[in-house]
Amino acid sequence: MNEKFVEQFDTDGDGKLGPKERQSARDQSQITVSVAKKSLETEQSAAGFIARLDKNSDGVISSDEVDETRWKVISRADKDGNGRVTKEEWLARGGQ
Ligand SMILES: [Ca+2]
Ligand SMILES: [Ca+2]
């Protein structure tokens, strides 16, 4: 265990981690892992989503690759308004 790690969870400041502090350290690292997993899932599903709709395989979705109804939803993610939605733009809107 490194010092920084101990410091972070050493709530009573004795330089050691008691059972309670250890537990909260464990909880914390579990949260970190689940957040990382979640963002990976989002990234994968965004990539899959783009790939499914990306007919010419240029990595972006343009209005001619989806029907109008879909484009209305997708184009909301088009931040720079260039008529193409990249994976990054899609992720930035939350990936739904
Ligand atoms: Ca495309
Ligand atoms: Ca764009």
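The radius of gyration of the chain is 21 Å, whereas a compact globule of 96 residues would have a value near 12 Å. In this predicted model, the C-alpha trace extends over about 65 × 20 × 20 Å along its principal axes. Buried residues account for 11% of the 96 residues in the chain, and of the contacts with a separation of 6 or more, 31% join residues that are 24 or more positions apart. The mean pLDDT of the chain is 91, with 96% of its residues at 70 or more. Among the elements, helix α1 (residues 3-9) has the lowest mean pLDDT, 89, and β1 has the highest, 96.

The secondary structure consists of 4 helices and 2 strands, which follow one another along the sequence in the pattern α-α-β-α-β-α. Helix α2 covers residues 19-53, and its 35 residues, at 1.5 Å a residue, should span 51 Å; the C-alpha atoms at its two ends are 51 Å apart, in agreement with that expectation. Of these 35 residues the number buried is 2, so α2 lies largely in the open. Phe49, which belongs to α2, is partly exposed because 17 other C-beta atoms lie within 10 Å, a count that falls short of the 20 required for a buried residue but exceeds the 12 at which a residue would still be exposed. The C-alpha atom of Phe49 is separated by 8.8 Å from that of Lys87, although these positions lie 38 residues apart in terms of chain separation.

The largest nonpolar core is made up of 8 residues, namely Ala46, Ile50, Val60, Ile61, Ile74, Ala77, Val85 and Trp90. To this core α2 and β1 each contribute at least two residues. In soluble globular proteins, nonpolar side chains tend to be buried together. One member of the core, Val60, is in contact with Asp54, Arg84, Val85 and Thr86 when its neighbours within four places in sequence are left aside; of these partners, Val85 is itself listed in the core.

The loop between α2 and β1 (60-62) includes Ser57, a residue other than glycine whose phi is nevertheless positive, near 55 degrees. Most residues other than glycine have a negative phi. Ser57 has 8 C-beta neighbours inside 10 Å and therefore counts as exposed, the cut-off for that class being 12 or fewer. On the other side of β1, Asp64 lies in the loop that leads to α3 (68-74). Asp64 is likewise classed as exposed, because it has 10 C-beta neighbours inside 10 Å. Its C-alpha atom is 9.6 Å from that of Gly83, and these two residues are 19 residues apart along the chain.

Arg93 is found in the segment after α4 (87-92). With 14 other C-beta atoms within 10 Å, Arg93 is partly exposed, because this number lies between the limits for exposed and buried residues. When residues up to four places away in sequence are not counted, Arg93 touches Arg76 and Ala77, of which Ala77 is a member of the largest nonpolar core. By contrast, the C-alpha atoms of Arg93 and Lys20, which are 73 residues apart along the chain, are separated by 38 Å; Lys20 falls within the range of helix α2, residues 19-53.

Key. Residues are numbered from 1 along each chain as its sequence is written. Chains are lettered from A and ligands numbered from 1 in the order in which they are written. This is a predicted model: local features need pLDDT of at least 70, side-chain atom pairs count only at pLDDT 80 or more; totals for chains, interfaces and linings use all residues. The radius of gyration is taken over C-alpha atoms; the globule rule is 2.2 Å times the number of residues to the power 0.38. Two residues are in contact if their C-beta atoms, placed from the backbone, lie within 7 Å. A nonpolar core is a set of buried Ala, Val, Leu, Ile, Met, Phe, Trp, Tyr and Cys residues joined through C-beta atoms within 7 Å. The expected span of a helix is 1.5 Å times one less than its number of residues. pLDDT is the predictor's confidence in each residue, from 0 to 100.
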